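Here is a walk through one protein model, written for someone who would rather look at residues than at statistics. Keep the viewer open as you read.

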Amino acid sequence: MKVAVAVGRALTAAGVGHVFGVVGSGNFHLTNAMVAAGARFVAARHEGGAATMADAYSRMSGTVAALSVHQGCGLTNAMTGIAEAAKSRTSMVVVAAEASEPRSNFYVDQDALARSVGAVPVRITSAETAVAEAQAAVALAVRERRTVLLNVPLSVQALETAAPVVERPTSRDAVVPKAAEVDALTNLLRRAERPVFVAGRGSRGYRQALEALAERCGALVATSAVAHGLFHDNPWDLGISGGFASPRTAELIRDADLIVGWGCALNMWTMRHGQLIGPDTVVVQVDDDPSALGAHRNIQLGVTGDVELTAALALETYGEQHAGYRTAELGSVRWRDVAFEDESTEERIDPRTLSIALDDLLPAECVIAVDSGNFMGYPSACLSVPDENGFCFTQAFQSIGLGLATAIGAALAQPDRLPVAVLGDGGALMSAAELDTVRRLGLPMLVVVYNDDAYGAEVHHFGPGGHPLETVTFPPTDIAAIGRGYGFEAVTVRGAKDLTAVEEWLNGPRSAPMLVDAKVVADHPSWWLEEAFRGH
């Protein structure tokens, strides 16, 4: 058996059930071996899209996915998506053919590329060790929550080796917190009068444990953007903390005397550069990765432990229930309930009006992916989702153009939900090739483009200073026509009445995907934009 075949089989046997990619000569046999061993291969139209599909699939399925790419240029094409996955600590294996001869036109320092974005490079070094090294790559991705680049040199792929015998790697063990740290956390919770829990990605799947402890100590609950939906329908849910927070949510968090971040980085986005932390607020972080504690801001207590286990242990010793911060009605914490003057015109729809109307139309069981750009705060804040599996947010690298591929990966991981991709015109046109992937896979996807014919973030950041904007503004583009060209149903939306076509599609068979080219008012920046620029 060739090493290429053995490695492909070993990866599948180790737990890789989905592989995304673009196949070239270098990864042809590897990919086919994975398919023959039972993995599903999803062909993308660009390696960058394939990388983000694999990232989103891993996030929303809770399993490790693979990206398969050609040597050199296949990997460089995928680097933005790999960077997003690595910065997000997504468990993913990038299987890359490798040209090890420096005179090859495909040669690049693939190890250095991986390290430069935070991924972990490993290599198949011999025929004798190939299977063990492939298995170790999957184990590293799973146990350490890392994006791993598995380099498979062309010269090694062609060698003969034995058939693989592989055991699946065990999952990451729950980190047991120290008793003294749990006691310190419990004491702070007992003393707090206005505690707030902010749950991040590390809290996904642990709603029950966090809600039980919050109920006992009277804490209000909120999430980072990546955990949006975790506390859906909880009467004490504040929604998203940070740049997307409503004025009332921001007020309540700012008035907390204790903030506990559960599997949450408490970074500049989630805490508005620290503006959501009052001068006398005590800040605690609970995370199973000790390097995350205090990485973004000063904390008074760090607890190294599994979120679910830590919450359960604190609940055991907390004592009698306290009212805490739950002594009065919250009032409206939803952005869609904040009064605004509708600035829609005959030609363009106000993005707030559009977002609220979409929220009224969309079924509860959906999975939403939002691209980056000036528009992104509106759908992120206004579109409700049923749980943390209803929102996939690939924004650690803050690159535009990832939203459509994110929606594809999320759709495959959550096949019983309506997939919704919410894009800006810049990101939509950048990733338009993957519209073919949506159509080819038969996904009943709704793609909504907030189209202001510009890179709106730059327009609103530099325009007030009188700078020329010709480099970031464009002539009108008929994105609906582009959608039709890829086999989508499509509609141009200039006002709320035009959304009737979307309602009809939602109520129909959804036999083809639907694209909405929403011509949005472009006169004002979204409320979170200047904060985003301060974070560069």
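Let's begin with a loop. Ala 496 sits in the stretch between β17 (489-493) and α20 (500-507). Bear in mind that this is a predicted model. With a relative accessibility of 44%, Ala 496 counts as partly exposed. Ser 344 is 152 residues away from Ala 496 in sequence, yet the two C-alpha atoms are 9.2 Å apart in space.

**The main core**

Now for the inside. The largest nonpolar core has 53 residues, and the members that touch the most others are Phe 20, Leu 67, Ile 82, Val 94, Leu 404, Met 445 and Val 447. Helix α15 is the top contributor to this core, giving eight residues. A second core lies apart from it, with 34 residues that include Leu 362, Met 376, Leu 383 and Val 422.

Phe 20 is a good place to park the camera. Leaving out residues up to four places away in sequence, Phe 20 touches Phe 41, Val 42, Ala 50, Met 53, Ala 54, Tyr 57, Ala 65, Ala 66, Leu 67, Ser 68 and Leu 412.

One of those partners, Met 53, belongs to helix α3. Is Met 53 buried or exposed? Its relative accessible area is 0%, so Met 53 is buried. Setting aside neighbours within four places in sequence, Met 53 is in contact with Phe 20, Ala 44, Ala 405, Ile 408, Gly 409, Glu 434 and Thr 437. Phe 197, by contrast, is 144 residues from Met 53 in sequence and 31 Å from it in space, C-alpha to C-alpha.

**How α15 packs**

Two helix pairs involve α15, and they can be taken in turn. In general, a pair of packed helices is described by the angle between the axes and the distance between them.

Take α3 and α15 first. Their axes come within 7 Å and cross at roughly 40°. Since angles under 35 degrees count as roughly parallel, that crossing makes α3 oblique to α15. The crossing of α3 past α15 is right-handed. On the α3 side, the contact uses Gly 49, Thr 52, Met 53, Ala 56, Tyr 57, Met 60 and Ser 61, while α15 supplies Ala 405, Thr 406, Ile 408, Gly 409, Ala 410, Leu 412 and Ala 413. Sorted by class, that contact has nine nonpolar residues, five polar ones and no charged ones.

Next comes α15 (residues 403-413) with α17 (residues 434-441), where the axes come within 9 Å and cross at roughly 20°. That angle makes α15 roughly parallel to α17. Here the crossing is left-handed. Leu 404, Ile 408 and Leu 412 of α15 meet Glu 434, Leu 435, Thr 437, Val 438 and Leu 441 of α17. The residues in this contact split into six nonpolar, one polar and one charged.

**An enclosed helix**

Why can helix α5 (residues 79-87) be called largely enclosed by the rest of the structure? Seven of its nine residues are buried, so the rest of the structure largely encloses it. The buried ones are Met 79, Gly 81, Ile 82, Ala 83, Glu 84, Ala 85 and Ala 86. Their cover includes α3 (47-61), β3 (65-69), α4 (73-77), β4 (92-98), α6 (110-116) and β6 (147-153). After α5 comes Arg 89, which has a positive phi near 55°.

**Positive phi in two loops**

Asp 233 and Leu 266 also have positive phi values without being glycines. Here they are together:

| Residue | Phi | Loop | Relative accessible area |
|---|---|---|---|
| Asp 233 | near 75° | between β8 (220-223) and β9 (237-240) | 65% |
| Leu 266 | about 50° | between β10 (258-262) and β11 (282-287) | 0% |

In terms of burial, Asp 233 is exposed, whereas Leu 266 is buried.

**One last stop**

Finally, look at Glu 316, found in helix α12 (residues 307-318). Its relative accessible area is 65%, so Glu 316 is exposed. Leu 423 is 107 residues from Glu 316 in sequence, and their C-alpha atoms are 45 Å apart in space.

Definitions and conventions: Residues are numbered from 1 along each chain as its sequence is written. This is a predicted model: local features need pLDDT of at least 70, side-chain atom pairs count only at pLDDT 80 or more; totals for chains, interfaces and linings use all residues. Side-chain values use heavy atoms; hydrogens and water are left out. Axes are lines fitted to C-alpha atoms, for helices over the stretch in contact, and angles run from 0 to 180 degrees between N-to-C directions. Helices (H or I, at least four residues) and strands (E, at least two) are DSSP runs, numbered from the N terminus. Angles under 35 degrees count as roughly parallel, over 145 as roughly antiparallel, 65 to 115 as roughly perpendicular and the rest as oblique. A crossing is left-handed if the near helix is turned anticlockwise from the far one by less than a right angle, and right-handed if clockwise. Contact means heavy atoms within 4.5 Å. Ala, Val, Leu, Ile, Met, Phe, Trp, Tyr, Cys and Pro count as nonpolar, Asp, Glu, Lys and Arg as charged, and the others, Gly among them, as polar. Buried means under 20% relative accessible area, exposed over 50%, partly exposed in between (1.4 Å probe, protein chains only). A nonpolar core is a set of buried Ala, Val, Leu, Ile, Met, Phe, Trp, Tyr and Cys residues joined through side-chain atoms within 4.5 Å.
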